[in-house]
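Please open the model in your viewer, set it to a cartoon representation, and keep a selection box at hand. The tour below proceeds by selections, each followed by what there is to see.

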Amino acid sequence: MREQAAAFAPLVSAAREVRVLGRGSSRAAGTYAVETGHTQIGFSLLHFGFTWYSGAFSGVTGKLSLDPKHPAAEQLSVTIPIASVQSE
């Protein structure tokens, strides 16, 4: 299980670094839920420099909190069910 957690650490790190583009009044303040049925998190990786593998996670849940007046307080929280992974 530790190996799985270590393998997905870059995804967790990337999720923490997500920033909402755009500033000003064009974004409405509020908390928005991830639409699980319309959301996938995809990935691809190059295996030994030879073969590309890709896959996706489904069943993603989460929320996005926007505050145009206080951008530093904006948050994204996402849960990715590891068991939902499907690869090619």
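**A pairing to begin with**

Begin by selecting β3 and β6, which run antiparallel and are joined by two bridges. Within this pairing, show Ala56 and its bridge partner in β6, Gln86. Please keep in mind throughout that what you have on screen is a predicted model.

**The whole chain**

Now clear the selection and look at the protein chain as a whole, which has two helices and six strands. If you trace the chain from the N terminus on, the elements follow the order α-α-β-β-β-β-β-β. Switching on the surface brings up an exposed area of about 6900 Å², of which carbon and sulfur atoms supply 58%. Of the 88 residues in the protein chain, buried residues make up 10%. As for contacts between residues at least 6 apart in sequence, 52% of them join residues at least 24 apart.

**The hairpin of β2 and β3**

Next, select β2 (41-47) and β3 (51-57) together with the loop between them; the two strands pair in the antiparallel sense over seven bridges. One place to see this pairing is Phe43, whose bridge partner in β3 is Gly55. Then move to the turn of the hairpin, where three residues lie between the strands, and pick out Phe48, which is found in this loop.

What is the phi of Phe48? Phe48 has a positive phi of about 55 degrees, although Phe48 is not a glycine. For context, most residues other than glycine have a negative phi. Is Phe48 buried or exposed? Phe48 counts as exposed because its relative accessible area is 77%, and the cut-off for that term is over 50%.

**The open sheet**

Hide the hairpin and select β1, β4 and β5, which form an open sheet of three strands in the order β1-β4-β5, with antiparallel pairing. β1 (30-33) and β5 (75-79) stand at the edges with a single partner strand each, so one side of each of these strands is left without a neighbour in the sheet. Looking across the sheet, you will find a twist that averages 10 degrees from one strand to the next.

With the sheet still selected, take its two pairings in turn. Four bridges join β1 to β4, which run antiparallel, and here Thr31 has Ser65 in β4 as its bridge partner. On the β5 side, strand β4 (residues 61-66) is joined to β5 by five bridges, and these two strands also run antiparallel. Two positions are worth labelling along this pairing: Gly62 stands opposite Val78 in β5, while Lys63 has Ser77 in β5 as its bridge partner.

**The segment after β6**

For the last stop, select Glu88, which lies in the segment after β6 (86-87). Why does Glu88 count as exposed? Its relative accessibility is 75%, and because exposed means over 50% relative accessible area, Glu88 falls in that class.

Now display the surroundings of Glu88: leaving aside residues up to four places away in sequence, Glu88 touches Tyr53 and Ser54. Finally, draw a distance from Glu88 to Ser44, C-alpha to C-alpha, and you will find the two 9.8 Å apart in space, although they are 44 residues apart in sequence.

Terms used:
Residues numbered from 1 in each chain as written. Predicted model: local features only at pLDDT ≥ 70, side-chain atom pairs only at ≥ 80, totals over all residues. Heavy atoms only, no water. Buried < 20%, exposed > 50% of the residue type's maximum accessible area, 1.4 Å probe, protein only. Contact = heavy atoms within 4.5 Å. Pairing = 2+ DSSP bridges. Axes fitted to C-alpha atoms, helices over the stretch in contact; angles between N-to-C directions. Areas by Shrake-Rupley, 256 points an atom, 1.4 Å probe, with all protein chains shown as cover.
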